[in-house]
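Trainee: I'm new to this one. Could you walk me through it?

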Amino acid sequence: MTRIVIMGGGPAGYEAALVAAPHGADVTVVERDGLGGACVLYDCVPSKTYIASAGARSAFRNAGELGIRTENSEAAVDVPVVHGRVKGLALAQSADVRAKLQREGVRIITGTARFCDDAPGLAQHRVVAHTSDGGTEVLPADVVLIATGATPRVLPGAVPDGERILDWRQIYDLTELPEHLIVIGSGVTGAEFASAYTEIGVKVTLVSSRDRVLPHEDADAAAVLEDVFTERGSEMAKHARASRVERTEKGVKVYLEDGRTVEGSHALMTVGSVPNTADIGLDRIGIEPGKGGFIPVDRVSRTSVSGVYAAGDCTGVLMLASVAAMQGRIAMWHALGEGVQPIRLKTVAANVFTNPEIATVGISQQAIDSGEVPARTIMLPLATNPRAKMEGLRRGFVKLFCRPATGVVIGGVVVAPSASELILPIALAVQNQLTVEHLAHTFSVYPSLSGSITDAGRQLMRHDDLD
Ligand SMILES: Cc1cc2nc3c(=O)[nH]c(=O)nc-3n(C[C@H](O)[C@H](O)[C@H](O)COP(=O)(O)OP(=O)(O)OC[C@H]3O[C@@H](n4cnc5c(N)ncnc54)[C@H](O)[C@@H]3O)c2cc1C
Ligand SMILES: NC(=O)c1ccc[n+]([C@@H]2O[C@H](COP(=O)([O-])OP(=O)(O)OC[C@H]3O[C@@H](n4cnc5c(N)ncnc54)[C@H](O)[C@@H]3O)[C@@H](O)[C@H]2O)c1
């Protein structure tokens, strides 16, 4: 029986265990915190739960336009209830993951795992688990999966204190909403929290080191989001790198590298994550971490050491729960001799949970504009969609990209309130190399936002006829 030890019980680790155990492997997961990992307990699940409350609050904003009068005060935010719901849901989901693993016969050890091989280059490996009750256990393994995830990056001059200077894992301990939140870092995490707090009624200043929010996402989508921020009274400090954050009598003062300062009641640090790879004994097996401490892996999750795989945020491949889970599963299929398809990042659908949401899949507009990928493109504003008009949605769009000669769909972007759901038909097309004609001939419901996707297909097809 293949002995598999998995270090870390997040999506990379637990999804791997769920694949390996039914294949007859002897699987042990060592997790120092809770099953489901940081994803379930502190990052993805809590933030999306919080965003659901923010969305409920902001639904009142447009009610008047649809003829429903509300008193703003009736939409007051009960912060302890919102935060209690966030934490409760995370714990419940963690318990679900634990139960699933137990049902599959996976052994779970609560403790911190580390390699303890006597020397690099051995055929089998050993992992020591320092358990929560103070004990230690050495686990011999034929296969080890490193799935230790990542931790919020800390700027030396802005160390979170859990009161006024916060990282995103600490905000659910606040008992009241911030008066004026300064969000530092405008990547996906920063954008999501800036949007959620704006929607829930807090004044937000977003500090971006670049000229816009979401520097790695679609520029048209980022422009829509900036419009919404501005309309709601939130602000952005652009080309602004924070050098330090100080507490003041009433709140915080953020010092920017160019000499500017921003004052607010609280600062939320969203300046990225660092992989949890520094203290897991990589030197004992001869793995040299790459840039930023990430573990280099190939497309079937192999590290440079035989029998040792790595998956998820600790590899830095694409820091998404869906990718972590797939990397973990692929590692196990490969290790257990199953046929396996190497991971294809071009088909990964991702979503930024702002208001509106921004969903993407496949080739980006930037790759097309730079000439790197030849493509024909169409962008349909939602304002032209009948369902959007009925719902009072003015912002957002659908973009579709296809190969010039064949019409094969290679990517798309959806900016809409439920973009995370609407991206699926485009993702399905990209994954299965369907053409714009396939989309064009698919029935969509009338009236529906997804009608814009089939419409985009038709418009690109018409273009085909004219070529
Ligand atoms: C605010 C935020 C929101 C996000 N939202 C989304 C989203 O909406 N959708 C999405 O797809 N992705 C989202 N992500 C990304 C997603 O959370 C990560 O990609 C995902 O958590 C990676 O899973 P993982 O298994 O690699 O690591 P993790 O979830 O971090 O789990 C790793 C686990 O390993 C444990 N561990 C570490 N070292 C050891 C050790 N030595 N011994 C034992 N255990 C150890 C840790 O305690 C942790 O529980 C979000 C990230 C952030 C920061
Ligand atoms: N919805 C989702 O799927 C979701 C949500 C959150 C995070 N994630 C994933 O997690 C990963 C990390 O995202 P992230 O946003 O946490 O980190 P990030 O590294 O992508 O972004 C951090 C941003 O902070 C900026 N920054 C760094 N130091 C700064 C300073 N001193 N002052 C001002 N700005 C500074 C960086 O330039 C960068 O733009 C991404 O891969 C993302 O896709 C996904």
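Trainee: Which residues does UniProt give for the dimerisation domain?

Mentor: This is a predicted model, where local features need pLDDT of at least 70, side-chain atom pairs count only at pLDDT 80 or more, and totals for chains, interfaces and linings use all residues. Residues are numbered from 1 along each chain as its sequence is written, and chains are lettered from A and ligands numbered from 1 in the order in which they are written. The unreviewed UniProt entry, whose annotations may be inferred rather than shown by experiment, places "domain: Pyridine nucleotide-disulphide oxidoreductase dimerisation" at residues 349–455.

Trainee: How far apart are the end C-alpha atoms of residues 349–455?

Mentor: That span is 31% helix and 28% strand, counting DSSP runs (H or I, at least four residues, for helices; E, at least two, for strands). Its end C-alpha atoms lie apart by 21 Å.

Trainee: Is α8 largely enclosed or open, and why?

Mentor: Helix α8 covers residues 321–335. A residue is buried if 20 or more other C-beta atoms, placed from the backbone, lie within 10 Å of its own. Among the buried ones are A321, M326 and R329. Because 12 of the 15 residues of α8 are buried, the rest of the structure leaves it largely enclosed.

Trainee: What follows α8?

Mentor: Look for a positive phi, near 80°. The residue that has it is G337.

Trainee: Which helix gives the most to the shell around ligand 2?

Mentor: Ligand 2 is surrounded by 24 residues, each with its C-beta atom, placed from the backbone, within 6 Å. Both α5 (188–200) and β18 (349–352) supply at least two of them. With four residues, the top contributor is α5.

Technical notes: Expected span 1.5 Å × (residues − 1).
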